[in-house]
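Here are some short exercises to work through with the structure open in your viewer. Try each task before reading its solution.

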Amino acid sequence: VLEVCEGLAEAHEAGLVHRDIKPGNLFLARRPDGQSSVKILDFGIAKQRARSDSPALTNPGKSLGSPYYMSPEQMLTPASVDERADVWSLGVLLFELLTQRIPFDGESVPQVCANVLAAEPPLPRTLRPELSPALEAIVLRCLEKQPQQRFRTVTDLACALKPFASTTPRSDTLALDDLEPSTERTPPPSFA
């Protein structure tokens, strides 16, 4: 997940919001030195931040993505999404990696969308009691319905996740030591 954060930080810096982060768009590649590396695939529905001199990459009014991983604002107002939509998707991914379940399920696409928009996610620790309360709080912050209540950037998310990082040699090659949270802060949400 930290490697995904690192790749998304570069995309966001270039003005792109991926809008379709999900397991199927993450590829584990083998590097020549034998180490593995996560690659982010399929920027086909990426949204370029509005600039007066650039056309939209996708139809701004059309909701695109995988419903299980789509943020509420991506479902309701797709033209207004920003980097925090990718933070939401990473929260769904983290929830799934930690619990082996997706947080918002349903029998149909409309039901999944309704759950994303209105239901609260299950508490990860109810599904995996040994999970750290601090890690659970990170996941739940990613899944806040209001974008301003989430981590503002994927770098902020990576900084929060850094204490939980593996000590494998690959994690040492990431630019994690250079990560610093953004200076603009939104108040953290209450998890009571």
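**Exercise 1. Which residues of α3 and α7 meet?**

Solution. This is a predicted model. Start on the α3 side, where V87, L90 and L94 take part. Then turn to α7: their partners there are V154, L157 and L161.

**Exercise 2. Find the angle at which α3 and α7 pack, and decide how to describe it.**

Solution. Begin with the two axes, which lie 10 Å apart at an angle of about 30°. Next, compare that angle with the cut-off: angles under 35 degrees count as roughly parallel, so α3 is roughly parallel to α7. Finally, add the hand: the crossing of these two helices is right-handed.

**Exercise 3. Check the length of helix α3 and see how covered it is.**

Solution. Helix α3 runs over residues 83-99, 17 residues in total. From first C-alpha to last it reaches 25 Å, close to the expected 24 Å. Now look at burial: 15 of the 17 residues are buried, leaving α3 mostly covered. Just past the helix, Q100 has a positive phi of about 65°.

**Exercise 4. Place L90 in the largest nonpolar core.**

Solution. The core has 33 residues, and L90 joins L143, L157 and L161 as the members touching the most others. Elements giving it two or more residues are α1 (2-13), α3, α4 (109-118), α6 (133-142) and α7 (154-161). Among these contributions, the largest share is the eight residues from α3. To finish, list the contacts of L90 beyond four places in sequence: V1, V4, C5, L8, I21, V154 and L157.

Conventions. Residues are numbered from 1 along each chain as its sequence is written. This is a predicted model: local features need pLDDT of at least 70, side-chain atom pairs count only at pLDDT 80 or more; totals for chains, interfaces and linings use all residues. Side-chain values use heavy atoms; hydrogens and water are left out. Helices (H or I, at least four residues) and strands (E, at least two) are DSSP runs, numbered from the N terminus. The expected span of a helix is 1.5 Å times one less than its number of residues. Buried means under 20% relative accessible area, exposed over 50%, partly exposed in between (1.4 Å probe, protein chains only). A nonpolar core is a set of buried Ala, Val, Leu, Ile, Met, Phe, Trp, Tyr and Cys residues joined through side-chain atoms within 4.5 Å. Contact means heavy atoms within 4.5 Å. Axes are lines fitted to C-alpha atoms, for helices over the stretch in contact, and angles run from 0 to 180 degrees between N-to-C directions. Angles under 35 degrees count as roughly parallel, over 145 as roughly antiparallel, 65 to 115 as roughly perpendicular and the rest as oblique. A crossing is left-handed if the near helix is turned anticlockwise from the far one by less than a right angle, and right-handed if clockwise.
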